[in-house]
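Visitor: I am new to this structure and would love a close look at one part of it. Could you walk me through the place where the ligand sits?

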Amino acid sequence: MAPSLPTAHTPYQRFQKNLAEVMDYLELSAAERKLLDRPQLIHKKEISIVRDNGKKQTFPAFRIQFNNARGPYKGGIRFHPLADEDEVKALAALMAIKTAVVGIPMGGAKGGVQCNPKELSRKELEAVSRAYVRAFADHIGTDIDVPAPDVNTTPEIMAWMRDEFEKVKEPYAPGMITGKPLAYGGSLGRDTATARGGFFILNELVKMEKLHKKKLKVAVQGFGNAGATMARFLHEAGFTVVAVSDSKGGIYNPKGVDPVRVGKTKEETGSVFGKTSGGKVITNEELLELPCDILIPAALDNVINVGNAKNIKAKYILELANGPTTPEADAILEKKGIVVIPDVLANAGGVTVSYFEWSQGRSGEQWTADDVDERLHRIMHASYKAVRDEAKKGKISHRMAAFAVGVGRIVETMRVRGWVR
Ligand code: NAD
């Protein structure tokens, strides 16, 4: 038995807490535990650029490769002042679980540059992106490790990165990175993939729990790529979106808000509240505790914690954000009978369509938007079923079940490859 871990303080400790529990559940051997408890490779470099003022500046940069038993490493690169080794390590580990939960033939990795992109000009941002690729060019590539966008990294940055890789390493490598612009090897459907995948999962949940979507009230925290797109899909499908928010706060209307109108308000004013949005102005903290059926955190990590878990009134939580619920909050929610559909399943539509982009890059094909949608639907449907069945079989939470499905698939592959005996 693994020793029980103290309260999890860092992102990696939080991951280890969940992993330890699931490794007990799966009765893994000591050798198997050892292979899963740490990343396979940690690459750390200092990358330098010349700022617009002519001065040299250096940033810590990471590429952490957690596990590649099931295929090439896969995971985004974030540019953030707080991106450090522990955070990148935790995100790399979650990517390995996520790719296994959705059954795509890839492993898990993550990258980061500790910088504040808001303080960099476009030219400096391009220099950081290209310097990152030069620093890690020997460790990434179509069949080795395939990066993607993450916090503060965009399709344009992916294009600079592919271009740099093709200059320094391989003359034509459309499969070395995903999340690229459509004109330079991107896939249709990638921009809406995370919300689309979460939407498919939610529809499965509604079906299995015999709920009526027209009667369901949903609150969505975060109005960016994941949250705003999800709010729109829900509204179009007949759910009542009662609240939305961004970093400045949110709006609440028990009769429903129109995400399309809110989107226009945000374009005009920079925030979700305004005359055309309607609704009562609320804080992000209030949004999480609203009377609603489904709560969708789609912004930051750790927003559902010991401080507010007991006040949450939603019956279901769908984690579009990565790591929005702390392990301590998870325990409280479970006691209250709240069903949490975890990030490694709920937001896996993004990496799934990234895998589609990688496949198209390798084969030279271009799939239609309908192709992408149908394939994504099939995968999300099967993944939800696998997790739900495991939760029922083991009488465990959906998070533990998703970890069990993911870790189980990784271990199975490690066994057949002879990595553990
Ligand atoms: P984004 O930058 O497009 O949007 C983030 C949103 O969160 C913005 O509306 C922002 O205003 C809001 N926000 C920031 N601080 C906030 C605060 N304190 N309270 C409430 N809202 C706040 O990012 P995104 O791509 O939508 O990602 C959101 C989450 O989803 C992240 O956790 C990300 O890791 C996760 N995710 C995204 C994808 C994807 O493909 N976009 C894939 C998997 C997971």
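**Around the ligand**

Guide: Let us begin with T194, where a side-chain N or O atom is 2.6 Å from an oxygen atom of the ligand, a polar contact (a pair of N or O atoms within 3.5 Å). This is a predicted model, in which local features need pLDDT of at least 70 and side-chain atom pairs count only at pLDDT 80 or more, while totals for chains, interfaces and linings use all residues. Residues are numbered from 1 along each chain as its sequence is written, and side-chain values use heavy atoms, with hydrogens and water left out.

N322 also has a polar side-chain atom 3.0 Å from an oxygen atom of the ligand. At N284, a side-chain N or O atom is 3.1 Å from a nitrogen atom of the ligand. The protein buries 71% of the 820 Å² that the ligand exposes when taken alone (accessible areas by the Shrake-Rupley method with a 1.4 Å probe; for residues, only the protein chains shown count as cover).

Step back a little, and 18 residues surround the ligand, each with a heavy atom within 4 Å of it. The closest are T194, F223, N225, A226 and N322. By type, the shell holds seven nonpolar, nine polar and two charged residues (nonpolar: Ala, Val, Leu, Ile, Met, Phe, Trp, Tyr, Cys and Pro; charged: Asp, Glu, Lys and Arg; polar: the others, Gly among them).

As for the protein around this site, its C-alpha trace spans about 55 × 55 × 45 Å along its principal axes.

Definitions and conventions: Polar contact = N/O pair within 3.5 Å; in protein donor to acceptor, adjacent residues only side chain to side chain.
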